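This report describes a predicted complex, with attention to its fold, its strand pairing and the contact between its chains. The sequence and structure are shown first.

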Amino acid sequence: MQERMVHLDESIGLRKLVLYRDVVLTEAGETPVQPVRQASIAAVIRNPWVGTGPSADLSMEQGRIAPVLAKLLTDRLIASLGGVDEIESFGKAAIVGTAGEIEHAGALIHTPYFGNLVREFLQGESIICFADTRAGAGETLVVPLWHKTHASTRSHYQTISARVSDAPRADEIVVIAAASTGPRPHPRIGDRMTDPAVTTKTLEVVPS
Amino acid sequence: MNVRKIVTVVEEIRTEGGRAIDHPARVAVVSAVIENPWAGQGFIEDLNPGIDANASDLGALLAPAVLDALDAPAEAYGKAAIVGLDGEIEHGSALIHTLKFGDHFRKAANATTLLPAVEKRGPAGVVFDIPLKHITDATIRSHHQTIEVRIGDAPHPNEIVIALAAAAQGRPQQRLAPLSTEQ
């Protein structure tokens with residue numbers, strides 16, 4: 001077991017994992033009808049493409065590393081939120097260090113080797129919403145979440161922030177998966193089913 | 001006690017200084033974001049009623065939660081009180097610098113030493129560092145360590161963040177000579 005873990009760590013250059021979980025008990029002074037837990041899990045790994053230049057082919061490393069991250073991160077998310085059936089919304093994100101390209105962050109989260117597997121492990125159907133950036137260590141990234149099977153469900157549009165105090169170093173990438181067990185604390189802005197048809201013609205005051 | 005939310009942070013370090021660590025180094029922090037019990041009341045001379053009404057409940061809430069998040073016996077620990085901008089640092093100190101608060105953690109972790117602490121005042125999203133020391137001997141150098149925490153939307157001006165931190169081991173790759181070698 002120990003040997004397998006060391007092998008996994010070395011194979012993807014894993015330095016650390018950071019879990020952030022937020023449980024809202026009251027919001028605006030009132031208890032939400034559905035108390036919601038949100039969590040993000042961040043893995044700090046060595047950027048396998050540092051120094052390779054913009055013409056480098058990213059496919060081999062993304063196919064090797066991204067599935068390992070998808071499994072590692074979703075296992076931790078599921079454990080921290082009480083089981084996969086509890087999870088209603090999901091999102092993903094990456095922060096690439098300053099010696100890398102934003103394309104390197106994208107390579108690890110925007111291909112089927114990560115996205116399809118995260119969706120499968122979290123038993124979702126929706127496309128997974130995301131954030132990515134290049135930044136120094138300690139950057140806070142706001143990760144968007146939406147419903148895992150009905151992406152347009154407005155009550156589930158929400159965000160959680162992820163931050164690792166000492167990562168990414170210039171030659172690292174922080175890869176993040178995030179989820180929540182329900183909607184915003186007091187959702188009350190309607191939905192596509194209840195919206196009126198809004199166009200410039202239907203409004204009495206048209207912005208100009 | 002009005003708790004707005006509970007925030008859990010768990011760090012697990014797998015390599016440090018470019019070398020793998022024998023066992024992943026785990027540190028956990030659980031924070032309760034609460035309404036400042038003295039908010040909006042002007043200068044309160046006697047803080048004891050507020051301490052009696054809250055400190056023990058906070059200790060009872062956070063101590064089992066942080067040990068659960070750590071998922072291992074604690075070897076080092078620490079605490080924090082981060083007061084929103086309309087409060088006094090004394091309000092945060094009042095809630096954590098009392099045996100009513102700390103004894104819950106000491107008892108749950110089989111610990112004996114005083115809990116090292118950070119107290120500060122700041123806006124929502126302020127970064128704070130919690131110092132940790134060994135749970136039975138505060139001179140054990142290998143276990144002196146710190147964990148950094150930030151909660152994006154807390155504390156509000158009328159809130160206090162109260163936190164407990166626990167580590168399952170000393171620093172990753174700790175290799176300093178013990179204090180006794182210098183005495």
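Two residues are said to be in contact if their C-beta atoms, placed from the backbone, lie within 7 Å. Helices (H or I, at least four residues) and strands (E, at least two) are DSSP runs, numbered from the N terminus. A residue is buried if 20 or more other C-beta atoms, likewise placed from the backbone, lie within 10 Å of its own, exposed if 12 or fewer, and partly exposed in between.

The model is predicted: local features need pLDDT of at least 70 and side-chain atom pairs count only at pLDDT 80 or more, while totals for chains, interfaces and linings use all residues. Residues are numbered from 1 along each chain as its sequence is written, and chains are lettered from A and ligands numbered from 1 in the order in which they are written.

**Confidence**

The predictor assigns the complex an ipTM of 0.94 and a pTM of 0.95. For chain B the mean pLDDT (the predictor's confidence in each residue, from 0 to 100) is 97, and 100% of the residues of chain B reach 70 or more.

**Chain A as a whole**

Chain A contains four helices and seven strands, arranged along the sequence as α-β-β-α-β-α-α-β-β-β-β. The C-alpha trace of chain A spans about 60 × 45 × 30 Å along its principal axes. Of the 208 residues in chain A, 43% are buried. Among contacts in chain A between residues at least 6 apart in sequence, 76% join residues at least 24 apart.

**Strand pairing**

Two strands pair if DSSP finds at least two bridges between them. The antiparallel pairings treated here, one of them between the chains, are set out below with one bridge partnership from each.

| Strands | Bridges | One pair of partners |
|---|---|---|
| Strand 1 of chain A and strand 1 of chain B | nine bridges | Leu19(A) and Val10(B) |
| Strand 1 of chain A and strand 2 of chain A | nine bridges | Val18(A) and Ala42(A) |
| Strand 2 of chain A and strand 7 of chain A | nine bridges | Gln38(A) and Ser180(A) |
| Strand 3 of chain A and strand 7 of chain A | eight bridges | Lys92(A) and Ala177(A) |

Strand 7 (residues 172–180) of chain A is mostly covered, with nine of its nine residues buried. In a regular strand the side chains alternate between the two faces of the sheet. Glu172(A), Val174(A), Ile176(A), Ala178(A) and Ser180(A) point one way from strand 7 of chain A, whereas Ile173(A), Val175(A), Ala177(A) and Ala179(A) point the other way; all are buried.

Strand 2 of chain A is largely enclosed by the rest of the structure, because nine of its 10 residues are buried. Within strand 2 (residues 37–46) of chain A, Ala39(A) stands opposite Ala179(A) of strand 7.

**The contact between the chains**

Chain A brings 19 residues to the contact and chain B brings 18 residues. On the chain A side, helix 1 (2–12) and strand 1 (14–24) each supply at least two residues. Strand 1 of chain A gives the most to this side, with 11 residues. By class, the side of chain A that touches chain B has nine nonpolar, four polar and six charged residues (Ala, Val, Leu, Ile, Met, Phe, Trp, Tyr, Cys and Pro count as nonpolar, Asp, Glu, Lys and Arg as charged, and the others, Gly among them, as polar).

**Helix 1 of chain B**

Helix 1 of chain B comprises 23 residues (48–70) and should span 33 Å at 1.5 Å a residue, which agrees with the 32 Å between its end C-alpha atoms; the expected span is 1.5 Å times one less than the number of residues. A kink of about 30° in this helix is centred on Asn54(B), the bend at a residue being the angle between axes fitted to the seven residues ending there and the seven starting there.

The buried residues of helix 1 of chain B include Asn54(B), Leu58(B), Leu62(B) and Val66(B). An α-helix has 3.6 residues a turn, so residues three or four places apart point the same way. Among the elements of chain B that cover the buried residues of this helix are strand 1, strand 2 (19–35), helix 2 (89–96), helix 3 (99–109) and strand 7 (159–167). Asp71(B), with a positive phi near 60°, follows the helix.

**An exposed loop residue**

Glu125(A) is located in the loop between helix 4 (115–121) and strand 4 (129–134) of chain A. Glu125(A) counts as exposed because it has 10 C-beta neighbours inside 10 Å. Leaving aside its neighbours within four places in sequence, Glu125(A) is in contact with Lys148(A) and Thr149(A). Glu125(A) and Val175(A) lie 50 residues apart in sequence and 21 Å apart in space, C-alpha to C-alpha.
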